[in-house]
Protein chains: 2
Amino acid sequence: MVELPTADDLRAARLRLDGVAHRTPVVTSETLDGLSGRRLFFKCENLQKIGAFKIRGASNLILGLSDADAARGVVTHSSGNHAQAVALAARTRGIRAHVVMPANAPSVKRAAVEGYGAQVITCEPVEAERRRVSEQVLEETGGIFVPPFDHPQIVAGQATAIAELLEDVPHLDAVVAPVGGGGLLSGACLAVQASQLPVKVFGAEPLGADDAARSMEAGERIPQTGPNTIADGLLTSLSELTWTIIRQGVERVVTVEEDEIVAAMRLFWERTKLIIEPSAAVAVAAVLGPAFRDLQDLPRVGVVLSGGNVDLRRLPWTT
Amino acid sequence: MVELPTADDLRAARLRLDGVAHRTPVVTSETLDGLSGRRLFFKCENLQKIGAFKIRGASNLILGLSDADAARGVVTHSSGNHAQAVALAARTRGIRAHVVMPANAPSVKRAAVEGYGAQVITCEPVEAERRRVSEQVLEETGGIFVPPFDHPQIVAGQATAIAELLEDVPHLDAVVAPVGGGGLLSGACLAVQASQLPVKVFGAEPLGADDAARSMEAGERIPQTGPNTIADGLLTSLSELTWTIIRQGVERVVTVEEDEIVAAMRLFWERTKLIIEPSAAVAVAAVLGPAFRDLQDLPRVGVVLSGGNVDLRRLPWTT
């Protein structure tokens, strides 16, 4: 059995994150409304601290540690937004953070993590090495491991984004969130469930990393092998925890092609002047695509823009 | 003598634009505060309708026309944001618009103008031809000419952006606006003057099109010849009207180099996840540069982000 986050955990997370994470704005676009055939409300976690929702879960876990645990410091491994999230959350708590990053991670990402005061340990860019080095760092430092999604307090933290969206936009019929490891999507399930509102939850996933969609279809968790997508935040498999929540709470996982992701990303930039990363564009592509457009009785849909961290030197439509 | 816009004109413009132009948000960035050595408040006209402040002036003039004049339709020539502004404002008023555009204007800009229902007339991409074809269209249609900046009602319209900024951010010490033809910067002077607040007004200009800076230094209007800058919204010379307002109301025009503009644009995108065009980045570059940083007693500075219309296929740091 896995321990599931509760409405109480969400309430505690909201108190803990007050003043720590931004209450991000919700934006709309008449053009995108027209193209989707409904009213869309975009929750701008690209404007969140560190440029992504990940600061919510990491802060919730780290700020919730006992003083004794916190004194041990925290450890994580990530090449992406989670690394910055843990580094910043540890600084907020005033504790040490060790972050294992693959040696091929962009130097700008490494610099950002170090800029928050975390110590970076590099490893060979393969999963087995990442785990091995992390274990070693955990042993050497005696620190607490902060996983990117597979923890009830991480899920409860991510859920706060959707809880805000449900408060700020009345009468939503559905929310759509991208799904990689499932922290954000299971957070959406938790927030909707806790709200007791009649809101449907949809996942959005690249066809090139569609383990959640295949799991939903099979009725059992199917791990991702050989993911291949521009949406580099969505490569991971669901965990037992996130799958347990998602299978119960999610209406459907909509998949999108790579060219739909790139087109949605560019259209969103052009029309809203807001920068979203490919993983966020997956959710935009989902609501613009034919599968979602055909769904009835969803006049008002919230879309979670997961982040805005993009390498501006290499945009997918210029290469 | 030129007819100057008054505080009454500004008040009328604000009423006229209520519900027509967005009251755009003001954003802040701790990183940019740190780099500038003061608190910066960015007025996001990049999030304005048509993606630029130009909708304010064009709408103010067009909505203020008598019914008899409006019935004649409007005419303008522009390859940039003003073309879209006139097209959309004319549609709002429900009248015809003819827009003269150079034959080499990007097809996406032409499509946007036509998308608002305006009729586009192409001409050879030289100033003399643009004027000649415009005169011809004015004669044939009997329409009213809507200039991009050289009109008291255009200036009063642009001033509404700065009036909102002064209301939304208390105790500003200065506002900085980019200057091309001077519509926005003279609007800033008008708004500050009408507010009766002790706020200094600064212009920001590319060194490659620095007629305003040179005019301020010389104490007389010096037209721009051979402008050469990435900030394609700032190529024009001041008019007698805008110069008259600017020479009285502006503290100083700060100039920036091309590489400063590109660096400021990219930094702003990365840090705020908001897309600004090069002309807007000129104002950001100005407050980050040494000349402005050296100024004393300006702890709180408003910066007008003039627009966010960028050709995403060609970004200055990728070419």
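Modeller: A residue is called buried if 20 or more other C-beta atoms lie within 10 Å of its own, exposed if 12 or fewer, and partly exposed in between, with C-beta atoms placed from the backbone. This is a predicted model, in which local features need pLDDT of at least 70, side-chain atom pairs count only at pLDDT 80 or more, and totals for chains, interfaces and linings use all residues. Residues are numbered from 1 along each chain as its sequence is written, and chains are lettered from A and ligands numbered from 1 in the order in which they are written.

Colleague: How many residues of α9(B) are buried?

Modeller: Helices are DSSP runs (H or I, at least four residues), numbered from the N terminus. Helix α9 of chain B covers residues 183-195. Those buried include B:Leu184, B:Cys189 and B:Val192. The helix is mostly covered, and of its 13 residues the number buried is 11.

Colleague: Which residue just after α9(B) takes a positive phi?

Modeller: The helix itself ends at residue 195 of chain B. Just after α9(B), a positive phi of about 60° is taken by B:Gln196.

Colleague: What relation do chains A and B have?

Modeller: Copies are superposed by least squares on the C-alpha atoms of residues with pLDDT of at least 70 in both. A rotation of 180° with 0.0 Å of shift along its axis places chain A on chain B, at an RMSD of 0.0 Å. That is therefore the relation of a two-fold axis.

Colleague: Which residue of chain A has the C-alpha nearest the axis?

Modeller: The axis is that of the 180° rotation superposing chain A on chain B. In chain A, the nearest C-alpha lies 2.4 Å from the axis and belongs to A:Leu274.

Key
Helices (H or I, at least four residues) and strands (E, at least two) are DSSP runs, numbered from the N terminus. The expected span of a helix is 1.5 Å times one less than its number of residues.
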